[in-house]
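Student: I would like a close look at a single part of this structure, followed by an account of how the rest is arranged. Please treat the matter in one connected answer.

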Amino acid sequence: MLFSSIPFLYYFLPVVLLLYFVVPFKLKNLVLLVASLFFYFYGEPVYVLLMLVSCLSSYIHGLLIDKFKGTKWAKVWVVSSVTTSLLMLGFFKYSNFFIENFNALTKSNVALLNIALPIGISFYTFQTLSYTIDVYRGDAKVQKSFIRLATYVALFPQLIAGPIVRYTTVEEDLTERKHSIDSFGTGATRFVIGLAKKVLIADVLYEFCNAFRASDDKSVVFYWLYAIAFSLHIYFDFSGYSDMAIGLGRIFGFRFLENFNYPYISKSVAEFWRRWHMSLGTWFRDYVYIPLGGNRVSNWRWFFNTLTVWFLTGFWHGAAWTFIVWGLYFAAFLLLEKFFLKKFFDKIPRVFSHIYVLVAVAISFVVFNAADLKEAVSDIGGMFGALDIPLWSKETAYYLSNYAVLFIAAVLGATPLFKNTVLKLKENNSACKVIDAIEPVFVAAIIIVVTACFVNGSFSPFLYFRF
């Protein structure tokens, strides 16, 4: 079930809200768990059992780790938990990838399993891993209620595409959380803003990308417009989902951490990744990078640690060489920045470092979205004039003129300009009252426009559903 759909907005969500706020607090987690299982069952009838198995595994392992805390058996059980979770993720997500590469290397003909990828498995697996590891480390108390733990894992606002919520973030909320009209209003507004980012910007940019792919009249400029459009599309698509998840969480009394912080204003690739998909970056930092030694090691060891983390980051995104190359591409920039580029960019105007980041990221997302490495090389070649195509074409002019306003809105929306303007205006009491009065009207208007888009059929699944 999509957040950006009529069934969710006008049927599922109102019913869940009604039931949730009617029942006493002791039943609220149960309502959320049942609702979340139905939400997942709606799109994945079979794989809801896999998610429940994952919940049960982490629940039992957590109890065993806690029972044997301080002994060698605690380590045995945490290793068992990590192995079980990774085996499930590996089997369902990476089986075909390994078989395909085995066949290519050995000239074999092993049949592919062709297993459908369970939606959200990459996200909820990382959540169950963080829970058992944190219990082992003593960073979290063991959860003795299966319903509470399953609610944490299956919570529908963040189940499908994150953010990756740590158990420690919502540990207290699972047992005691506060609800208020202000929190409900704040959450609803955040949800609607995310909905607008998804439907009114991301989906329309996706139409541009599809038009580029279908075009027989490509040009160098058209390739660059495609790279920019997809970079903006993936930002508004994923950050829009995160906004909706955070907003829904707030409505139900949970406070999820931010997942995006205007990454396109970054002055380095390292800063970009501190602002982009922050829940994933901090997860790899805390559970892979630091355990490997982090940066408090020799340069050669740090080199290895960085390559390992970014290989895994790319591979986490998908079972394809394009994603692995994409991850290692960023590793290369991080290495270059540490030893060479940072010193260079510190000496020149900041505008050049911004341009460097935007170009590097745009190229990276061309690789990210390519069907295979051959297409990725071809697309990058088109951007730099290596293909037999003109610099400009009539079709390029046509699509640029049709989408120019959207490009401008998306570029401005990817900066904190609007947010900072509103915050500045709210410093004035009169302006603050006007904004507070307009906000409900603004939210209602967005819902009306978005609903019209739904009726028209102009929406698409979230990009990160396939991960």
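**The nonpolar patch and its setting**

Tutor: Helix 2, covering residues 25-43, contributes the most to the nonpolar patch, with 3 residues. The model is a predicted one. The patch is formed by L27, L30, V34 and I147 and amounts to about 300 Å² of nonpolar surface. Among these residues, L30 is placed in helix 2. L30 has a relative accessible area of 37% and is therefore partly exposed, since the partly exposed class lies between the limits of 20% and 50%.

The patch belongs to a protein with 19 helices and 0 strands. For 467 residues, a compact globule would be expected to have a radius of gyration near 23 Å, and the value for the protein, 23 Å, agrees with this. The C-alpha trace spans about 65 × 65 × 50 Å along the principal axes. Of the 467 residues, 50% count as buried. The accessible surface comes to about 22,300 Å², and 67% of this area belongs to carbon and sulfur atoms. Considering contacts between residues at least 6 apart in sequence, 75% join residues at least 24 apart.

Charged pairs come next. Side chains of opposite charge can pair when their charged atoms come close. The structure holds 15 salt bridges. One of them joins the side chains of K197 and D243, with an N to O distance of 2.7 Å. K197 lies in helix 9 (residues 181-214) and D243 in helix 10 (residues 220-251), so this pair ties together parts that are 46 residues apart in sequence. Both K197 and D243 are buried. The two residues also belong to a network of salt bridges that links R190, K197, D243 and E258.

A second salt bridge is formed by the side chains of E271 and R275, at 3.0 Å from N to O. These residues are 4 apart in helix 11 (residues 269-275), which means that about one helical turn separates E271 and R275. E271 is buried, with a relative accessible area of 11%, and R275 is buried as well, with a relative accessible area of 18%.

A further salt bridge connects K426 with D436, whose closest N and O atoms are 3.9 Å apart. Because K426 is in the loop between helix 18 (417-425) and helix 19 (429-456), while D436 is in helix 19, the pair ties together parts that are 10 residues apart in sequence. K426 counts as partly exposed at 31% relative accessibility, and D436 is partly exposed with a relative accessible area of 42%.

Aromatic rings form another set of pairs. A search of the whole structure finds 76 aromatic pairs. In one of them, the rings of Y94 and F98 have centres 6.5 Å apart and planes at 55°, so the pair is tilted. Y94 and F98 are 4 residues apart in helix 4 (residues 72-106), and about one helical turn separates them. Y94 counts as buried at 8% relative accessibility, whereas F98 is partly exposed, with a relative accessible area of 48%.

To return to the part under study, the patch is made by L27, L30, V34 and I147, and helix 2 gives the most to it.

Key
Residues are numbered from 1 along each chain as its sequence is written. This is a predicted model: local features need pLDDT of at least 70, side-chain atom pairs count only at pLDDT 80 or more; totals for chains, interfaces and linings use all residues. Side-chain values use heavy atoms; hydrogens and water are left out. Patches are made of residues with over 30% relative accessible area and no salt bridge: like charges are joined within 9 Å, nonpolar side chains (Val, Leu, Ile, Met, Phe, Trp, Tyr) within 5 Å. Accessible areas come from the Shrake-Rupley method with a 1.4 Å probe; for residues, only the protein chains shown count as cover. A salt bridge is a side-chain nitrogen of Lys or Arg within 4 Å of a carboxyl oxygen of Asp or Glu. Helices (H or I, at least four residues) and strands (E, at least two) are DSSP runs, numbered from the N terminus. Buried means under 20% relative accessible area, exposed over 50%, partly exposed in between (1.4 Å probe, protein chains only). The radius of gyration is taken over C-alpha atoms; the globule rule is 2.2 Å times the number of residues to the power 0.38. Contact means heavy atoms within 4.5 Å. Rings of Phe, Tyr and Trp (its six-membered ring) pair if their centres lie within 6.5 Å; planes under 30 degrees apart count as stacked, over 60 as edge-to-face and the rest as tilted.
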